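Visitor: Please take one part of this model and go through it closely. I would like the strands and their packing treated together.

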Amino acid sequence: MIRTWRNRLPPSAAGLPVVRKRRAVGLRREELADLAGVSVDYVVRLEQGRATTPSASVVASLARALQLSTAERDHLYRLAQIVPPADGTICDHLPPGMQRVLVRLGDVPVAVFAADWQLVWWNHGWAALLGDPLASPPRMRNFARDRFPVDVDHTPLALWPVTETDPDTADAALVSDLRRATGRFPRDSRLAALVRDLNAGNERFAELWATGEVTANREVHKRVDHPSVGPVTVDCDVLTDGDTELKIVIMTAAPGSEDETKLQLTTVVGPPAGTRN
């Protein structure tokens, strides 16, 4: 099934460059591996039936990379002998239509977070502006864990400094959004563990959680101290999918501004040599 789904997905649909001389009609194994964040050897072993017990996170990554429908995603879970996500739990799956829209945004920095602010997808523009999230362990690719660290030696989600014009308001909005998610997904164990960990290990989070405030996300302004192009001020907008509560986070700069020029340059120059990226 993985090979069948891989063969039907053209590279252009996944945002990959189209090469004229190409034998494969769909995605190559190495392209699928790169999109899903696994090794090429593992994709080969899955297709040949030599790897039969992938983890739930790997299955979710493959489903996103292959742009499967919800029914196809559930079938993939069952083939891996894993129970598909149920109602009342957080969805990490990106619908194919959403992925097509995201690909058409080009190099505009975009990332998608689940309802518990777990990072599930990002594009080249996002990695160029903030650093590649692959540098962080999967568990730490969570904006709430990054914002309210529990471990002293935690790995930041952004690889260089990012500041906000109103950090207190941003903190309160994030905590209240998580509280809203607990009502929307009452049976999600990952969300419950996140709230429990942050309440026990971060005083600032516990203080805000105790207020009981429930609000939606607001637009925020961020300054990114990029190591190659210097400080870049961007507007951070959050679009939320009504059914899944997936959060599409888009970074833009004022049209015609110096910040817009710098933002465009980040996708060209990249980070300096030796940077974790």
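Guide: What follows concerns one strand, its pairing partners and the core. The model is predicted, so local features need pLDDT of at least 70 and side-chain atom pairs count only at pLDDT 80 or more, while totals for chains, interfaces and linings use all residues. Residues are numbered from 1 along each chain as its sequence is written, and side-chain values use heavy atoms, with hydrogens and water left out.

Strand β6 covers residues 247–252; strands are DSSP runs of E, at least two residues long, and helices are runs of H or I of at least four, both numbered from the N terminus. Five of the six residues in β6 are buried, meaning under 20% relative accessible area with a 1.4 Å probe, protein chains only.

Strands pair if DSSP finds at least two bridges between them. β6 runs antiparallel to β1 (residues 110–113), with four bridges, and antiparallel to β5 (residues 230–240), with six. Isoleucine 250 stands opposite valine 110 and is also the bridge partner of aspartate 237. β5 and β6 form a hairpin with six residues between them, and in the turn glutamate 245 has a positive phi of about 65°.

Phenylalanine 113 has contacts (heavy atoms within 4.5 Å) that include Glu245, Leu246, Lys247 and Val249, not counting residues up to four places away in sequence.

The largest nonpolar core has 49 residues, and Phe113 is among those touching the most other members. Such a core is a set of buried Ala, Val, Leu, Ile, Met, Phe, Trp, Tyr and Cys residues joined through side-chain atoms within 4.5 Å. Its largest share, six residues, comes from helix α9 (residues 167–184).

Terms used
Buried means under 20% relative accessible area, exposed over 50%, partly exposed in between (1.4 Å probe, protein chains only).
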